[in-house]
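Please open the structure in your viewer and keep the selection panel at hand. The tour below proposes what to select at each stop.

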Amino acid sequence: MKKHQKFIKLLLIIIIVIGLSNCQKKKSSYEKDVNLEQVNLYYRYKNDTLIKSVLLDETNVEFNNEFSMLKRKSDKEDLNFHFNLETPRLFKFYSFEPMSIPFMVYVTPGDSLVYRLENNTIIFKGTNAAHYNFFKELNDLNLKYPDYDEKLGLSDFIENRKTDYQKRLDFLEEYAKDRNTSNSFYQKIRAVLRFQYINGMLNTKLLPKGAITDYTDYLKDIDVEIFNRNDQDDNVYFQLALTNYIKVITEMKLGDNAFSREVLEFQLNFIEKHLKGETKEYAITKMLSEFNKQLDLKNIDILQDKIDNYLPQIENEKFKAVLQKVNRRLNTINNQLIDKVFSDTLINPEGEILTFKEVLKEQKDKTKIIDFWASWCAPCIKEIKNSYQYRQQLIKEKNISFIYVSIDKDPEKWKQKVEELEEFGMDKYQYLIPETNNSALRTFFNVSSIPHYAILD
């Protein structure tokens, strides 16, 4: 175990593109219930070559393993969507190739619409089209979330945020009235805008350190009770706001001491005391999951104790599956999975099979960043392109090496995407996890969604 001690001491980090950043390959489970109504979304131009692929998915894929439809135009597949749905629900929908602006759409059972790409935006026509086009038209207003201005201070930041929120509410009121939208659409979008505003107020990354001097006053209009509702599982801003609220309360009580044992105990006790139902289960799962992602090995015992305690209490199967997966990972660490990880196999673009140990040896004494990605993952590709210059700087100045590990199922699509991205630093250290491989790498590094990063000293 000692010879692998350095390997074990790793920092796992997850980068999430704000609002819509995680990718995960999943198949729909909505079609299992024969009582569901079908939704039909048709690509308008059958012979048009503009859109090559399009994605329909949950607004927040963090814990969702149920639904994802990536459609690619080919001889065997068109860009039409047909799926079953029980109740109205928010999804995200966007063109992946070429990349369009990802907007949320409000889908109702029985909807039948056509869509097209226009000016980098998906536009819908048909019954309930107004439910699909709202966020596109809101975006056309070019409203900008107010930033913090040190010259003006916190009070002006708060007022500017309130003013911006009111403008969005006013637009919703006019939009719903003019287009005669359903009441369920109006109520859902109003909740989205509300928690979008609240999340902006609670995201302390938007504020300089020390800007909030009186947390009680700052939080006076945000009470924990607003989160005790079980009708927002499709509202990503509700989940983000809840997470940031717990973090702000923690910072108010304990200071900036993230991912310590004391913080985890406080957060779980706060959740037990103030939240209920599925909101409580989500919050417990989220805090334990985040603690796991930033896990210091000396804290394995407390995390395992907490998961063992909460697993029998969690009723939501989705959240239970998340905690079970974390628990399996902790058990593999305790059971010295390291040898299995070292011997796990990868394939390079030339078709050669290498062990993970051999891949690491090629990097010698460099700090290694493992980037788990896939050719179909839009956030992964966006991050690869946007971070190119920064990665090159790290390689030159910090003795860092990047290793790219794809979870693609189709080796040809993987190799094609690697070639397309060569100009962005993807010309070497490319590996694919074999489809037949029950990957010890993915288990050990807790790769449940992508992009996902691991840093090895």
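**First stop: Arg 161**

Select Arg 161, which is buried (under 20% relative accessible area with a 1.4 Å probe, protein chains only; exposed is over 50%, partly exposed in between) yet has no salt bridge (a side-chain nitrogen of Lys or Arg within 4 Å of a carboxyl oxygen of Asp or Glu); the nearest side chain of opposite charge, Asp 147, is 5.0 Å away. In this count Lys and Arg are positive and Asp and Glu negative, while His and the chain ends are not counted.

This is a predicted model, in which local features need pLDDT of at least 70, side-chain atom pairs count only at pLDDT 80 or more, and totals for chains, interfaces and linings use all residues. Residues are numbered from 1 along each chain as its sequence is written, and side-chain values use heavy atoms, without hydrogens and water.

Arg 161 belongs to helix H3 (residues 154-178); a helix here is a DSSP run of H or I with at least four residues, a strand a run of E with at least two, both numbered from the N terminus. Next, display Pro 146: the side chain of Arg 161 reaches its backbone oxygen at 3.2 Å.

**Second stop: Lys 366**

Now select Lys 366, in the loop between helix H12 (356-361) and strand S12 (367-373). Is Lys 366 buried or partly exposed? Lys 366 counts as partly exposed because its relative accessibility is 31%. Finally, add Leu 456: its C-alpha atom is separated by 8.9 Å from that of Lys 366, although the two residues are 90 residues apart along the chain.

Note on methods:
Polar contact = N/O pair within 3.5 Å; in protein donor to acceptor, adjacent residues only side chain to side chain.
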